[in-house]
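Please open the model in your viewer, with the sequence panel beside it, and keep the selection tool ready. The stops below go from the whole chain to single side chains.

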Amino acid sequence: DIDTSGTDKFGSLAKSLDSMRNQIKAEYDRRNRFFMGVSHDLKTPLASITGYADALTEGMADDKITTEKYLNIIKVKSHQLEERISNFIHYLKLSNYDFQASLTESSLKDFLNDFAEVHSEEAQFKGREFFWNISLSSEHTIPFDKDLLNRALENLIQNAYKYGDPDAPIRMNCHINYESIEILIENSGNQIPEDQLELIFEPFYRADKSRKGEGFGLGLASVKSIIESHGWAIDVKSSNNVTQFRISILSHNKPSS
């Protein structure tokens, strides 16, 4: 700790240094949580693979059906481990902003309409309601990666299904707000406490402690990384039992002729 009790210029300097110290400590704590979460999420399927492999080696599967069952579990857990490692590597790669130069311009309206139509059908299959309104021109193009944006929006929609009120619709809207394009995804349900709103984009942070064991824990962190890697911004607000995620895109592009 640094003594910040002084009132002269040295006291002011001490306060600045102490603020920097706290920021560095917070970053170290965040990094430690990240790697602890990675270790836990990779260890779980690996432990299953090791356990069933040992069972096969020790002859505990003494018939063909049991052997095939154990091998199938090993196969499933191996795919799960492979997917989690892939997600982890993908998350780390998204910290590199160089890929922006390789993005190609596409119609955001056409992309969002295609995305919304797919999820409208999925909502009907799940007995849910999904409403959307895309107030953009098809000629208005922006540079973005369709696969990555699809993954980000998919994550937000699936969270809305999982944690929103099943009797309330999920909504996705897109419109121009001054010089920005805004994509809004909202659902009704238990709101996120205000003191947790800034933490939900942290890797492996779960506002709902009952979610322990579900998912990879990189969901919203990956969403934020995808959005920011495009040079965009994302924020969330939750009040009156409505949670809304907003993606803000600074629109430098003019509608093409």
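The tour that follows says at each stop what to select and what is there.

This is a predicted model, in which local features need pLDDT of at least 70 and side-chain atom pairs count only at pLDDT 80 or more, whereas totals for chains, interfaces and linings use all residues. Residues are numbered from 1 along each chain as its sequence is written, and side-chain values use heavy atoms, with hydrogens and water left out.

**The whole chain**

Select the protein chain and colour it by secondary structure, where helices (H or I, at least four residues) and strands (E, at least two) are DSSP runs numbered from the N terminus. You should find five helices and seven strands, which follow one another along the sequence as α-α-β-α-β-β-α-β-β-α-β-β. Of the 257 residues, 37% are buried; buried means under 20% relative accessible area, exposed over 50%, and partly exposed in between, with a 1.4 Å probe and protein chains only. Among contacts (heavy atoms within 4.5 Å) with a separation of 6 or more, 71% join residues 24 or more positions apart.

**Helix α1 and a surface patch**

Next, select F10, which lies in helix α1 (residues 9-57) and counts as exposed because its relative accessibility is 57%. Adding I2, L13, L17 and M20 to F10 shows a nonpolar patch on the surface, with about 490 Å² of accessible area together. Such a patch is made of residues with over 30% relative accessible area and no salt bridge, nonpolar side chains (Val, Leu, Ile, Met, Phe, Trp, Tyr) being joined within 5 Å and like charges within 9 Å; the areas come from the Shrake-Rupley method with a 1.4 Å probe, and for residues only the protein chains shown count as cover.

**Helix α3 and the core**

Move to helix α3 (residues 108-125), whose 18 residues should span 26 Å at 1.5 Å a residue, in agreement with end C-alpha atoms that are 26 Å apart; the expected span is 1.5 Å times one less than the number of residues. Its buried residues include L108, F111, L112 and F115, and after α3 comes G127, with a positive phi near 75°.

L108 and L112 are also among the residues with the most contacts inside the largest nonpolar core, which has 39 residues. A nonpolar core is a set of buried Ala, Val, Leu, Ile, Met, Phe, Trp, Tyr and Cys residues joined through side-chain atoms within 4.5 Å. Helix α4 (146-163) is one of the elements that each supply at least two residues of this core, and α4 gives the most, with eight residues. Show the surroundings of L108: leaving aside neighbours within four places in sequence, its contacts include L136, F144, C174 and I249.

**Helix α5**

In α5 (219-229), eight of the eleven residues are buried, among them L220, V223 and I227. On the same helix, E228 and K224 lie four residues apart, about one turn, and form a salt bridge with closest N and O atoms 2.9 Å apart; a salt bridge is a side-chain nitrogen of Lys or Arg within 4 Å of a carboxyl oxygen of Asp or Glu.

**Across the strands**

Finally, select R246 and E182, a salt bridge with closest N and O atoms 3.8 Å apart. The pair links R246 in strand β7 to E182 in strand β5, 64 residues apart. Is E182 buried or exposed? At 9% relative accessible area, E182 is buried, whereas R246 is partly exposed at 29%. Adding D235 completes the selection, since E182, D235 and R246 are linked in a network of salt bridges.
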